[in-house]
Amino acid sequence: MVLNIAIGIVALTFGVLADSAGLSLAKAVVMSALVLTGASQFAAVSVIKDGGSAVTAVGSALVLAARNMLYGPVLSPWIRGGLGRRAVAAHMVIDETTGMAAAASTREDAERSFWFTGITLTVLWIGGTALGVVLGGRIGDPDRWGLDAAFPAAFLALLAPQVRERPGQVAAAVAAALTIVATPITPNGVPILVAALAVIPAMIVGRRSDAR
Amino acid sequence: MSWSAILVMAAGAYAFKAIGLLVLGGRTVAGRMQPLVGLLPAALFSALIVQQTLVSDGELVIDARLAGVLAGAIAVWRRAPFVVVVLVAMAVTALVRAAA
């Protein structure tokens with residue numbers, strides 16, 4: 001729940017940024033409802049605010065959105081139901097829902113966590129965006145309260161159950177190193193895709209320990 | 001930003017999100033690939049943590065976030081509840097930032 005409150009506040013700041021970039025209330029709200037990927041939206045609107053073209057804005061947004069492609073196979077076994085239900089679920093395949101679902105201990109809990117996080121997050125994201133546009137510059141900088149540390153801390157808690165065994169530890173350590181190496185030399189969003197390659201050495205380590 | 005740019009962005013983002021769920025249709029990926037998928041959350045969450053702690057405007061920086069996230073890591077290690085982890089990280093970041 002605390003993650004969702006933080007998301008609501010981040011949505012507020014997105015609304016403020018969208019307003020300062022000249023987006024109307026309708027455009028900002030529709031973007032939040034249809035794109036529903038925080039990092040991508042911030043990237044696109046920042047490009048527009050800095051005078052960049054729509055092509056650059058959409059391009060940088062989609063590079064950041066590409067990692068969500070990797071969450072589909074992780075979540076897939078936990079999402080029951082037919083095509084319609086899966087098509088709705090697909091809209092919410094993002095960092096936060098995958099994090100909460102992957103931290104659950106049973107399949108049923110994972111599915112419940114996915115839907116609960118996804119639906120509350122969607123509502124808060126859209127509502128926060130609208131409020132941010134309306135309030136505009138009247139909101140102070142939320143980073144004053146350390147809001148920018150809320151997300152990495154939340155993902156630390158969500159990472160913990162993933163690194164109880166050796167392969168997970170290798171995946172996390174190699175991914176962290178790859179992110180640091182790739183950040184200065186690749187555009188925003190690419191380092192996380194590069195870091196996903198960490199699963200290969202991690203799997204090899206897992207095979208070796210299985211063979212023993 | 002035009003309506004068409006927003007719609008293209010939405011369609012592209014949805015395609016990335018949907019491809020795994022709709023192609024797999026509730027199945028898990030094929031046997032040999034399964035360990036790789038199982039390790040993806042560890043790799044991706046770790047990358048996200050590093051990116052959100054040490055990156056600002058596409059560059060590596062050390063700032064108040066690092067202190068907060070390290071405090072959060074101690075809270076995780078001490079098995080503190082989720083809400084405590086997040087609040088400790090925010091409070092330490094805010095304090096370091098105010099002191100700087």
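**Exercise 1.** In this predicted model, work out how much area chain B and chain A bury between them, and which residues of chain B supply the most.

*Solution.* Start with the total: the two chains, B and A, bury about 6300 Å² between them. Next, look at the atoms involved: 80% of that area lies on carbon and sulfur atoms. Then pick out the top three on the chain B side. Met1(B), Lys17(B) and Leu21(B) supply 13% of what chain B buries against chain A, more than any other three residues. To finish, count the partners: 64 residues of chain B touch 86 residues of chain A.

**Exercise 2.** Find out how many salt bridges cross the interface of chain B and chain A.

*Solution.* Run the rule over the interface and you get one salt bridge. Now name the pair: Asp148(A) forms a salt bridge with Arg97(B). Check the distance too: their closest N and O atoms are 2.8 Å apart, and the cut-off is 4 Å.

**Exercise 3.** Describe how helix 12 of chain A packs on helix 2 of chain B.

*Solution.* Two packed helices are described by the angle and the distance between their axes. Here, the axes of helix 12 (residues 199-211) of chain A and helix 2 (residues 34-54) of chain B come within 9 Å and cross at roughly 120 degrees. So helix 12 of chain A is oblique to helix 2 of chain B. The handedness of this crossing is right-handed.

Now for the residues. From helix 12 of chain A come Val199(A), Ile200(A), Ala202(A) and Met203(A), and they meet Pro35(B), Leu36(B), Leu39(B), Leu40(B) and Ala43(B) in helix 2 of chain B. Sort this contact by class and you have nine nonpolar, no polar and no charged residues.

Terms used: Residues numbered from 1 in each chain as written. Chains lettered and ligands numbered in written order. Predicted model: local features only at pLDDT ≥ 70, side-chain atom pairs only at ≥ 80, totals over all residues. Heavy atoms only, no water. Axes fitted to C-alpha atoms, helices over the stretch in contact; angles between N-to-C directions. Helix = DSSP H or I, 4+ residues; strand = E, 2+ residues; numbered from the N terminus. Parallel < 35°, antiparallel > 145°, perpendicular 65-115°, else oblique. Left-handed = near helix turned anticlockwise from the far one by under 90°. Contact = heavy atoms within 4.5 Å. Nonpolar A, V, L, I, M, F, W, Y, C, P; charged D, E, K, R; others polar. Buried area = accessible area lost by both parts, 1.4 Å probe. Salt bridge = Lys/Arg side-chain N within 4 Å of Asp/Glu carboxyl O.
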